[in-house]
Amino acid sequence: MSKRMVSPANCVAAMLLAGLAACSPSGDQSAPPSSSAGSVTTSTAPAAPAPGIALPSFVNLVKRQGPAVVNISTLRAGHGALREGDPFYQFFKRFGGVPEFGEAPQVGLGSGFIISQDGYVLTNAHVVADTDEVMVKLTDKREFQAKVVGFDRYTDVALIKIDAKNLPVVTLGDPNKLEAGEWVAAIGAPFGFENSVTVGVVSAKGRLLPSGSYVPFIQTDVAVNPGNSGGPLFSTRGEVVGINSQIYSETGGYMGISFAIPIDIALDVSKQLRETGKVTRGRIGVQSQELTQDLAVAMGLKEAHGVLVAAVQRGGPADRAGIIPGDIILRFNGKAIEDPAEMARQVSSIRPGTTVDAEVWRKGKSINVKVHVDELKG
């Protein structure tokens, strides 16, 4: 049963009006209330919203872009026998041999999004790597078995393909236009709840994680949970700016911090996967370290820009170019270098066999060298 709530302000106004009518000198109960300054007004103007604050609506975004987001399920076949580390392995080995037990297959869940009408889908490498079967389900309930074109563990990007035509595709954006504090939305299948929408803001850009990857992650407070992996991160302009990849968690679930791979990096990886099935990266054979303000001043620089060369591989590209330990690399391939992570990203993005310019600071002056980039193996 619903209850009607009466505003306290309206009760007071009604009592005051009744009192004024009862005290009328003429005693005429039908006389209209006075319109003098002492009369009571029962209507109130709506409160104006705070200036500069506007909460976005993602309804149109979901309607336009949602059909291009897919749910991914994977299957990893079980092993046919106990492995040596299993606690029962030695027992069965001692008494008659190890039996051929069949381990249960493992089922995984993830998300992805369609980037071409002929069925190419982007997702995370950890969603589809080392799987025996990948199934893709669209919002119209159609399901397809997907082919894994390729994946790159370094960036956690994978490209898969389904046999379909005239599919809806997402609109791709520029993550460089994102700013901290900007609203973003994720669509995916957390814990298998298909096509779930969560929203939040960009917490930071260029975030580096202690995982060995130099991907400059987009950090957000969008709720991302297992099953969201590989799904798109949308800007308020309705454009994909990232792929939801990782969360920071002590429980396995969302704790307010999630990370997305910038879409420009993912597209570069997907292009190589589509063309060759693998990703090639450049290397120049240097070990760099962060340049502190004290080191910069000691070496004659006004600001701590660039990276300090700590070691050079003998016979490597940097060695052949004349770079030596103690040099400071200021620019590489025409781009300013701020830290070792930026240096690693710039070098790895260069196609092997390419010769690029580098600006080096040595003994109080700038030197330009040419570096012939080799391929990073392994």
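Author: A surface patch is made of residues with over 30% relative accessible area and no salt bridge (a side-chain nitrogen of Lys or Arg within 4 Å of a carboxyl oxygen of Asp or Glu), where like charges are joined within 9 Å and nonpolar side chains (Val, Leu, Ile, Met, Phe, Trp, Tyr) within 5 Å. This is a predicted model, in which local features need pLDDT of at least 70 and side-chain atom pairs count only at pLDDT 80 or more, while totals for chains, interfaces and linings use all residues. Residues are numbered from 1 along each chain as its sequence is written, and side-chain values use heavy atoms, with hydrogens and water left out.

Reader: What area does the nonpolar surface patch with W183 have?
Author: Accessible areas come from the Shrake-Rupley method with a 1.4 Å probe, and for residues only the protein chains shown count as cover. L55, W183, V197 and V199 together make a nonpolar patch of about 360 Å².

Reader: Is W183 buried, partly exposed or exposed?
Author: Buried means under 20% relative accessible area, exposed over 50%, and partly exposed in between (1.4 Å probe, protein chains only). Because its relative accessibility is 30%, W183 counts as partly exposed.

Reader: Which helix gives the most to the largest nonpolar core?
Author: A nonpolar core is a set of buried Ala, Val, Leu, Ile, Met, Phe, Trp, Tyr and Cys residues joined through side-chain atoms within 4.5 Å. The largest has 25 residues, and I263 is one of those touching the most other members. Strand 8 and helix 5 (263-276) are among the elements that each supply at least two residues, helices (H or I, at least four residues) and strands (E, at least two) being DSSP runs numbered from the N terminus. With 4 residues, the element giving the most to this core is helix 5.
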